[in-house]
Amino acid sequence: MLNLLIKSRRHLFLWLMATVLLLFWGCSTQNNSFVNRTYHTVNAKYNGYFNAREAYKEALNQLNENHTDNYEEVLDIFRYGNEQDRTAVSGNMEVAYEKASLVIRRHSMNIRGVEHNKWIDESFFLIGRSQFFRQEYNLAILTFEYIIREYDTDRSYDSKAWIAKAYHEMGRFEQALQMLETLERRYQNDLLNGESTALFRMTYADYYRRQGNYQRAARQLEMAVSHLASREERARLTFINAQLYEHSGDYAAAQQTYARVLDMRGAGYRMRFQARIGMAMAYDPDVGGGGRIREELFDLLDEDRFAGFRDQIYYALAQLSLREGNEEEAVELFRQSAEISEENPVQKGLAHLRLGEIFFERGDYLEASESYSEAVSNLPSGYPDFDRISQRQELLSALSGYELIIQREDSLQYLAGLPDAEQIAVVDGIINEILEQDRLEEETERERRREMQEAGQRARQTGMQQQDGGGYFYNSSAMSRGRDEFFGRYGDRPLEDYWRISNMQMMASFDMEEDWDDMDNGDPGAVEDIYDKDAYLANIPNTEAQMLASKRRMMQAFYQKAIMFKDHLRDRESAIESFEKLIRRLPGSEREMHAYYYLYNLYQDIGDYNRAEQVKNDLVTTYPDSELARMLSDPEYGEQIRQRQSAADRLYRESYDAFFSGRHEVVRRNYQALDSLEASKELKARFTYLHALSIQKTDGDGYREELERVVAEFEDTPVHEPARLLLASLDSPERTAASGSAEVPERERRGEAPVDSPYTFDPEQIHFFVVVLNTDQEDPASLNDALAEFNNQTREEDGLSVSNVYFEDGKQLITVTNFPGKESSLAYLEELHGTEVISESRTGEMESFVISVDNYPVLYQDKELEAYRTFFRYYYVQE
């Protein structure tokens, strides 16, 4: 027994020693034996690499789950989320990186330049991808390039695709294309397996998608789909492929590809729904099948699970009708889409945008204006072509404003011709209509709430259709109240250009004592009580002065409307119509001569030479001594006028450059020479304003007089408001006190500006607070009101005033005046910043600063914001 025990212990000892020696020998990474390779391969795969891959997969799944597909746009080929999403998974990616790095340190068997552990290149590949998702793109590229150099495996090809993806994220598309073209050559040589081919083609498609080349992107994605193993992924990429065909304009291919999605088992119900929507959006009459598509979409309207998508269904039906040439039906369907779209502002905005485009093409600019306004208010600022859409909306809004002025003044002028009793009767009828409408709306609202409680979702939708949003003075339904009352009392009169009382409520929105300029500053005469008879009657132009003012507003509206048609909308026919109406409705007005002249040119442009000759004769007969008559009668005289105008323009440009280089004697000399040349009113205004500033920069004698001339003689020019502000500042108590103060201390002046600046620093001067407002993104009137409210609440005793002036295309200067010096203006700026009026989140909409009274006109003339920013940072911003 003892011998047996001793023998057993000896065997155990020998077995343990052999195991230790085997483990010791197996841990070596420089011995290429079967035992070593097995040890390091098994430990690399099932220990470190397994844990690294699981952390990576968990992060990738999180990105996929958090990714939201926006079906309004082409879906992302790779569901990698945005920067914020990638930051959220950086922890897991860090774990993957560390564990994969540990695998390489412990188990790499790189012996004489040859790697004998097949999991090492996989670990490097995992490291590169983790760096990509941690947004360390340069490091990721270095890692992938190392794999390409060191490993002749499939991962070297995959690394090229990932390098291209990293270049995509960095915006370096030329380098991405070079890498993809290299992979294309490898593919042509049959060196890529199915998985690598799918990755390569998807990356190539993503490259073209980012470039906006949807046709080529579709072809690349088509080649990727067949190499994917996941049924869900194949369905998703097929859907994206259909979107790419649609956006490229290949509607036949798009319709066929959407149809394929419907037959794919990997497509969920949401994707199938969107595929049906897509088939309608990409409908091609040459392919056919419109009846079947329409029937399927109407079936979807009846399914409860698609109740939240009915706005999209109506939109798709509208697009289908539009492609079939049924525009009227499309308009009604777009309206239904917009009406029921409450939870999806983008969809609502798209429906209104399509309506606006239709009405614009028809020349129905009032309807187009309403639709574009709704589109801009609902679409995000990042929507494609948003700036163009916003600009058109501004044009149409101004145009509709002129149209409403014409309607309002026409109605008011007609009422002025009625006896007092009939005026009162019409107003009473309108107020009664408003009261009756209010009563009906209250009943409708009560009924709607009752139906909502009884019938749930169905009644909620019914209630939305019943509710027309009335009860407000400027509501479209309120604008039409009283029409039946008037025509029932006076008949449907054929008044040609007269709209009369159909828009009666507008008469209460304008004070007849106000002049034309006030129409751009809101509605100063708007009544607070829409049930007040006297408020309506007060705006009827019953006196001669009121009638003249009303006709002048109408004249200006006709003229500006015609100019807008001519210069901005390029609608010659509508411009001709407006000029003709101006001449016919308001003969002898101050705009009549110019209307004749523009009509002559417009008729020439459209080739109606007979009518052009008639208009020319009318102008020459009515205004025989005018420059325009002489220009049309004598071509040589017209050429002389044009040469003199050109000389005046050159003289102003020379003076402008001289002013900013300090050669004020040139400005004065050229200003005196202006009288011998032909200059427009605006050019004369600019020249006079520049001359005033030049005087102020030298001896100052005559500065006030020149500003007064600009204010008095050039009211409707861009320099009028800056001149008015400067003139007002001359008489302010702060200016008077500053003029008698001691010289500015040397420590305050801080010497010359750091650049060759046209601005001068004087902290004791009157200062203005200025906002440079981007009118494409913010309404100037809203900011004006917000600043005025802020001043009333915080600085009522300072007597601050707010005004705005055109600066350049898309920008206005909103100015708060006056502050006695630099410190008080800066205190106001600091107090205002961080409030809801001006916050850091709105830096793209506006820029604010303070500026002295002498520097303000320089900025307005020069319009070089960057130069003033440099000056402002040097003298005003605390270090």
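Visitor: Does Arg 335 count as buried, exposed or partly exposed?
Guide: At a relative accessibility of 32%, Arg 335 falls between the two cut-offs, because buried means under 20% relative accessible area and exposed means over 50%, with partly exposed in between (1.4 Å probe, protein chains only). This is a predicted model, in which local features need pLDDT of at least 70 and side-chain atom pairs count only at pLDDT 80 or more, whereas totals for chains, interfaces and linings use all residues. Residues are numbered from 1 along each chain as its sequence is written, and side-chain values use heavy atoms, with hydrogens and water left out. Arg 335 therefore counts as partly exposed.

Visitor: Which residue forms a salt bridge with Arg 335?
Guide: A salt bridge here is a side-chain nitrogen of Lys or Arg within 4 Å of a carboxyl oxygen of Asp or Glu. The partner lies three residues from Arg 335, about one turn along helix H16 (residues 327–340), where helices (H or I, at least four residues) and strands (E, at least two) are DSSP runs numbered from the N terminus. With the closest N and O atoms 3.5 Å apart, the partner is Glu 332.

Visitor: Are Lys 561 and Glu 403 buried or exposed?
Guide: These two residues form a salt bridge, with the closest N and O atoms 2.4 Å apart. The pair links distant parts of the chain, 158 residues apart, from helix H25 (residues 544–567) to helix H19 (residues 386–416). Lys 561 has a relative accessible area of 10% and Glu 403 has a relative accessibility of 10%, so both count as buried.

Visitor: How far apart are the closest N and O atoms of Asp 206 and Arg 210?
Guide: Both residues belong to a network that salt bridges with shared partners build from Asp 76, Arg 86, Glu 169, Asp 206, Arg 209 and Arg 210. Asp 206 is buried at 4% relative accessibility, whereas Arg 210 is partly exposed at 33%. Because they lie four residues apart in helix H9 (residues 194–211), about one helical turn separates them, and the closest N and O atoms are at a distance of 3.1 Å.

Visitor: Which strands form the edges of the open sheet of four strands?
Guide: The sheet has the order S4-S5-S3-S6 with antiparallel pairing, and two strands pair if DSSP finds at least two bridges between them. Strand S3 (residues 767–774) and strand S5 (residues 811–819) are joined by seven bridges, including the one between Val 771 and Ile 814. The strands that pair on one side only, and thus form the edges, are S4 (801–808) and S6 (846–852).
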